[in-house]
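Grab the model and a notepad: here are a few exercises, each with a worked solution. Try each task before you read on.

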Amino acid sequence: MSSKTFYITTPIYYPSDDLHIGHAYCSVAADTMAKYKRMRGYDVFFLTGTDEHGQKIEEVARERGLEPQVFVDQMLVKIKDLWKLMHVDYDGFIRTTDPNHVKAVQHIFVKLNEKGDIYEGVYEGWYCTPCESFWTESQLLDGLCPDCQRPVEKTREKSYFFRLSKYENRLKQLFHDHSDFVEPASRAHEMINNFLEAGLEDLAVSRSNFSWGVPLPFADDSIAYVWVDALCNYITALGYPDDTELFDRYWPADVHLVGKEIMRFHSLIWPALLMALDLPLPKKIFGHGWLLFEGGKMSKSKGNVVDPAILVDRYGLDALRYFLLREFPFGSDGNYSTEALIKRSNSDLANDFGNLLSRVVAMISQSFPEGFPSEKDFDQVDIDLTNLADETAAKVEQHFDKMEFSLVLASIWHLIGQSNKYIDLTTPWILAKEEESRSRLAAVLYTLADVLRRIAVWISPFMVDTPAKVRQQLGITDAGEEINTELSSWESAAESGLYRDDFIVQKGKPIFPRIDIRAELSTIEKLDEI
Ligand SMILES: [Zn+2]
């Protein structure tokens with residue numbers, strides 16, 4: 001077992017409705033990071049799950065005539081199926097209705113109470129049910145929820161409060177001492193300016209006007225506020241407080257990935273709760289942007305085209321995963337459209353990458369069907385391309401370590417672009433005509449095969465099937481039929497010259513099909529009217 005650990009989490013999703021491409025975006029990012037770290041030799045724990053309590057779940061279940069538990073059990077099946085389909089390969093899946101989680105949340109409330117950080121009062125103010133958020137009069141924007149711009153309800157109920165204000169100075173210190181605690185930096189500034197500087201008020205942490213939640217051990221008419229219940233998942237999933245094996249191994253988390261709308265809960269309330277529990281704080285909270293759809297925030301009501309299962313079915317999982325992490329810089333908002341997805345798939349995947357592989361494999365198969373000769377006549381232009389691949393190795397790691405997924409892919413695709421230019425420059429189809437340029441031709445095609453082998457490694461955290469397809473066409477096998485695992489390791493991609501002369505290329509189907517954009521868009525339009 002590696003001594004280097006890496007603990008990454010997604011938010012636990014609220015299963016009041018089917019998940020859409022916006023949720024898949026966050027999970028694919030977390031999964032890609034987890035896969036990268038595993039390839040780098042880390043002992044990784046990737047956690048996701050479902051946030052199953054709360055007023056909205058209770059209301060939605062009731063509308064459908066179901067008990068809340070029955071309703072969330074049904075939704076869970078669909079969510080787990082989606083992650084399976086998308087190869088979101090998590091190590092842990094937590095449900096907030098798990099008995100262990102419920103017990104642990106109760107333990108946490110008792111601990112906070114014993115510490116004097118909980119007191120009884122009356123909550124009077126505004127509540128946004130879709131967001132499950134409390135708001136004061138002054139926080140509302142034109143009388144609406146400042147997060148989702150929907151109407152809020154006036155509530156007045158008995159409530160227990162958490163002394164959030166007590167931790168204000170320590171939180172200010174945290175943001176001051178660790179400028180990278182919250183990323184991107186713009187989100188950290190928002191937290192400081194909009195909340196910390198304005199002063200933190202104590203937080204209502206219980207509800208008493210409905211019952212779908214974790215009962216408080218010291219007040220049987222009250223349940224835990226769903227956000228406190230949910231935030232605790234990051235430690236209860238590791239067995240806190242009873243079974244500390246995983247907790248000791250992985251806590252504190254290396255990164256909590258969150259949508260920007262829930263940054264406040266993760267970067268202020270969560271650390272304050274951990275401070276109150278005398279536990280170490282997560283190392284980083286990373287707020288990714290929203291995928292916008294026709295200018296508005298993504299939601300399931302936007303139609304079938306935001307259903308990730310349909311997109312996987314039509315365009316393939318690897319194209320979708322590539323598009324999500326290539327198109328939008330990870331911390332910023334981006335406009336999602338199926339048209340943009342198809343264009344990316346056609347240009348970057350089918351044209352640039354797929355054509356490169358097909359051309360190289362076809363030329364090798366024609367001129368060196370039995371493998372490369374040992375005699376190769378290398379030139380400066382070959383060395384330049386290999387040097388660029390070496391630089392790419394360093395760039396890929398630098399950007400990955402900062403979760404700059406789009407820049408990782410941009411560096412790899414820059415190398416792909418240069419490889420295509422290199423073919424135009426070295427004109428291997430002309431070299432192939434003359435017997436005396438055979439060793440020059442061998443050098444050119446070997447250089448390309450060697451670069452493609454390294455690219456297949458770097459894309460492995462992003463893509464599920466493509467790396468093996470590339471290796472298969474390049475004939476990268478052991479003596480038997482099996483794909484050579486040594487040449488698919490992360491370390492191997494840093495080195496040039498590992499492609500072997502005795503590999504026999506195998507022509508195959510294009511790894512990415514070209515999509516007829518007009519026909520496809522009209523089909524999609526009809527699909528959306530169903
Ligand atoms: Zn709201």
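For the metal exercise you need one term: donors are N, O and S atoms within 2.8 Å of the metal (3.2 Å for Na, K and Ca), and water is not among the atoms, so sites may look incomplete. The model is predicted, so local features need pLDDT of at least 70 and side-chain atom pairs pLDDT 80 or more, while totals for chains, interfaces and linings use all residues. Residues are numbered from 1 along each chain as its sequence is written, and side-chain values use heavy atoms, with hydrogens and water left out.

**Exercise 1. Work out how the donor residues of the zinc ion are spaced in sequence, and what the geometry of the site is.**

Step 1: find the donors. The zinc ion has the SG atoms of Cys128, Cys131, Cys145 and Cys148 as its protein donors, at 2.2 to 2.3 Å.

Step 2: read off the spacing. In sequence these donor residues follow C-x2-C-x13-C-x2-C. Cys128 sits in strand β4 (residues 118-128) and Cys145 in the loop between β5 (133-135) and β6 (153-162); this pair is 17 residues apart and links distant parts of the chain. Helices (H or I, at least four residues) and strands (E, at least two) are DSSP runs, numbered from the N terminus.

Step 3: check the angles. Four donors count as tetrahedral if all angles lie between 85 and 135 degrees. Here the angles among the four donor atoms are 105 to 116°, and the site is tetrahedral.

Step 4: check the cover. Buried means under 20% relative accessible area, exposed over 50%, and partly exposed in between (1.4 Å probe, protein chains only). Cys128 has a relative accessible area of 0% and is buried; Cys145, at 1%, is buried too.

**Exercise 2. Put the strands of the antiparallel four-strand sheet in order, and say which are the edge strands.**

Step 1: set the pairing rule. Two strands pair if DSSP finds at least two bridges between them.

Step 2: lay out the order. The open sheet runs β5-β4-β6-β8, with antiparallel pairing. Its edge strands are β5 and β8 (203-204), each pairing on one side only.

Step 3: look at one contact. β6 and β8 run antiparallel and are joined by two bridges, with Phe162 opposite Leu203 of β8.

**Exercise 3. Is strand β12 mostly covered or mostly open, and which strands does β12 pair with?**

Step 1: count. Five of the five residues of β12 (255-259) are buried, making the strand mostly covered.

Step 2: sort the faces. Val255, Leu257 and Gly259 point one way, His256 and Val258 the other, and all are buried.

Step 3: find the partners. β1 (residues 5-9) pairs with β12 in the parallel sense over two bridges, and Thr9 stands opposite His256. β13 (residues 285-288) pairs with β12, also in the parallel sense, over four bridges, and there Gly259 faces His288.

**Exercise 4. Describe the lining of the largest pocket and of the second largest.**

Step 1: get the terms straight. On a 1 Å grid over the protein atoms alone, a pocket is an open set of points with protein on both sides within 12 Å along at least five of seven lines; lining residues have an atom within 4 Å of a point. Points are joined across faces, edges and corners, and a volume is the space filled by probe spheres set on the points.

Step 2: take the largest. Its volume is about 1200 Å³, and among its 44 lining residues Tyr14, His20, His23, Glu261 and Lys297 lie nearest the centre.

Step 3: take the second largest. This one holds about 470 Å³ and has 23 lining residues, with Thr136, Gln139, Glu201, Asp202 and Arg264 nearest the centre. The largest share of that lining, four residues, comes from α10.

**Exercise 5. Where are the cis peptide bonds Tyr240-Pro241 and Trp251-Pro252?**

Step 1: the bond joining Tyr240 and Pro241 is cis, with omega about 0°, and Pro241 lies in the loop between α8 and α9 (245-250).

Step 2: the bond from Trp251 to Pro252 is cis as well, with omega near 5°. Pro252 is in the loop between α9 and β12.

Notes
Four donors count as tetrahedral if all angles lie between 85 and 135 degrees; four count as square planar and six as octahedral if opposite donors are over 155 degrees apart and all others between 65 and 115; anything else is irregular. On a 1 Å grid over the protein atoms alone, a cavity is a set of points where a 1.4 Å probe fits but cannot get out, and a pocket is an open set with protein on both sides within 12 Å along at least five of seven lines; lining residues have an atom within 4 Å of a point.
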